[in-house]
Amino acid sequence: MLSFTMEEYQERIRKTKQRMEASGIDVLLLSDPANMNYISGYDGWSFYVHQMVVVIIDEDQPLWIGRSQDANGAKQTAWLHHDHIIPYPDDYVQSLTKHPMDFAAQILTEIGQSHRVIGVEMDQYYFTAACYEHLKRHLPHAQFKDATNLVNYVRLIKSDQEVEYMKRAALIVERAMQAGIDAVQAGVRECDVAATIFQAQISGTEAYGGDYPAIVPLMPSGIKTATPHLTWTDGTYKQGETVILEIAGCYKRYHSPLARTLVVGQPTSQIADLSNIVIEGLNETLQFVKPGVTCEEVEAVWRASIAKHGLEKESRLGYSMGLNYPPDWGEHTASLRKGDKTVIQENMTFHVIPGMWFESFGVELSESIRVTKNGCETLANFPRELFTKHPNIHSAS
């Protein structure tokens with residue numbers, strides 16, 4: 001069931017250990033499920049309980065520590081030898097008297113790692129304050145260091161196989177976006193359009209099926225387009241409403257997000273003009289992207305483009321993305337914004353999302369891109385336009 005070769009997994013571990021050594025970390029505890037997957041291949045919906053992959057600087061193979069009923073899932077999806085898969089009993093799950101990190105600390109003590117420098121992912125969704133307190137209590141002689149995003153930065157440059165998976169995800173999002181646009185009509189319920197999108201995301205293509213994306217369809221309409229992160233209701237679309245669809249295709253946990261804006265009926269001049277400005281700025285920005293420029297230099301091109309029209313955008317223009325689990329497909333590393341001096345390199349992948357949100361309306365058009373030797377390519381091939389929907393007619397303005 002492995003998604004990559006053993007050579008690729010070993011290269012990931014080598015690069016991770018380089019960063020561990022540079023940070024003075026002997027033992028790295030990974031509880032972010034994307035990082036667990038990246039290092040071990042483990043893939044399961046078990047991140048609602050505590051689990052981790054342990055990378056030890058002077059050991060060839062990591063350990064997987066997780067809930068007992070998930071151990072067979074680790075045996076089936078991870079490349080680790082079975083004696084490196086260590087389950088904790090179910091009475092540790094959501095217990096008031098014991099904690100899974102007590103068990104993890106006991107294992108680290110038994111294998112002689114209790115006096116070392118231990119890196120933990122302090123600022124991510126799955127490592128709680130209780131996790132940290134229990135580890136410190138049961139490993140009093142260890143020194144703890146913040147290793148947040150250590151593996152995320154290893155993930156920043158994609159392998160050719162990772163890029164291939166993201167391109168497959170892009171074919172899925174093309175289908176899902178078209179399905180969503182086709183389904184939007186006056187009188188149609190938002191939830192029914194969401195269901196149509198979900199069906200396309202999961203069914204994928206004839207050649208391969210899709211996976212569940214890390215973020216559900218974001219699809220505000222009407223006045224709700226003034227903000228990006230609303231989902232759907234059981235209300236119906238109204239004639240004249242603007243609708244934003246931000247969705248992703250996902251294949252083997254690799255994502256290709258895409259956003260488009262449509263209008264049920266004829267767009268107002270306000271929406272039409274804003275869409276043209278966003279498209280112009282996005283086109284100019286993508287033409288500038290290439291290896292050697294910095295993230296903030298990319299964002300500056302966008303900022304200068306919309307400034308010609310008297311507009312500015314406070315939020316970042318985009319971010320690195322790829323492998324992930326809920327609640328986010330972003331990698332939490334490089335951002336296209338002022339002050340981020342990350343040098344862009346070949347095979348980095350970004351979601352470039354120049355959304356513009358005002359008090360009562362907004363417009364989004366985004367592209368997921370891969371940086372190439374001399375520029376960039378979009379992962380999906382979808383019209384970069386403002387779509388208009390008339391009764392039973394699909395068209396683009």
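**Exercise 1. Find which loop holds phenylalanine 127, and work out whether this residue is buried or exposed.**

Step 1: Phenylalanine 127 sits in the loop between β5 (117-120) and α5 (129-138). Helices (H or I, at least four residues) and strands (E, at least two) are DSSP runs, numbered from the N terminus. A quick note on the model: it's predicted, so local features need pLDDT of at least 70 and side-chain atom pairs count only at pLDDT 80 or more, while totals for chains, interfaces and linings use all residues. Residues are numbered from 1 along each chain as its sequence is written, and side-chain values use heavy atoms, with hydrogens and water left out.

Step 2: The relative accessible area of phenylalanine 127 is 8%, so this residue is buried (under 20% relative accessible area; over 50% is exposed, in between is partly exposed; 1.4 Å probe, protein chains only).

Step 3: Now the neighbours. Leaving out residues up to four places away in sequence, phenylalanine 127 touches Ser31, Val120, Glu121, Met122, Tyr132 and Leu135 (contact means heavy atoms within 4.5 Å). Phenylalanine 127 and leucine 30 are 97 residues apart in sequence, yet 8.9 Å apart in space, C-alpha to C-alpha.

**Exercise 2. Explain why helix α2 (residues 33-40) counts as largely enclosed, and describe how α1 meets α2.**

Step 1: Check burial. In α2, 8 of the 8 residues are buried, so the helix is largely enclosed by the rest of the structure.

Step 2: Look at the ends. At the start of α2, a side-chain oxygen of aspartate 32 comes to within 2.9 Å of the backbone nitrogen of alanine 34. Just after α2, glycine 41 has a positive phi of about 90°.

Step 3: Bring in helix α1 (residues 6-23). The axes of α1 and α2 come within 8 Å and cross at roughly 120° (axes are lines fitted to C-alpha atoms, for helices over the stretch in contact, with angles from 0 to 180 degrees between N-to-C directions). That makes α1 oblique to α2 (under 35 degrees is roughly parallel, over 145 roughly antiparallel, 65 to 115 roughly perpendicular, the rest oblique). Tyr9, Arg12, Ile13 and Thr16 of α1 make the contact with Asn37, Tyr38, Ile39 and Ser40 of α2.

**Exercise 3. Place glutamine 201 and find what its side chain reaches.**

Step 1: Glutamine 201 belongs to helix α8 (residues 190-203).

Step 2: Its relative accessibility is 1%, so glutamine 201 counts as buried.

Step 3: The side chain of glutamine 201 reaches the backbone oxygen of alanine 248 at 2.8 Å.

How values were computed:
Polar contact = N/O pair within 3.5 Å; in protein donor to acceptor, adjacent residues only side chain to side chain.
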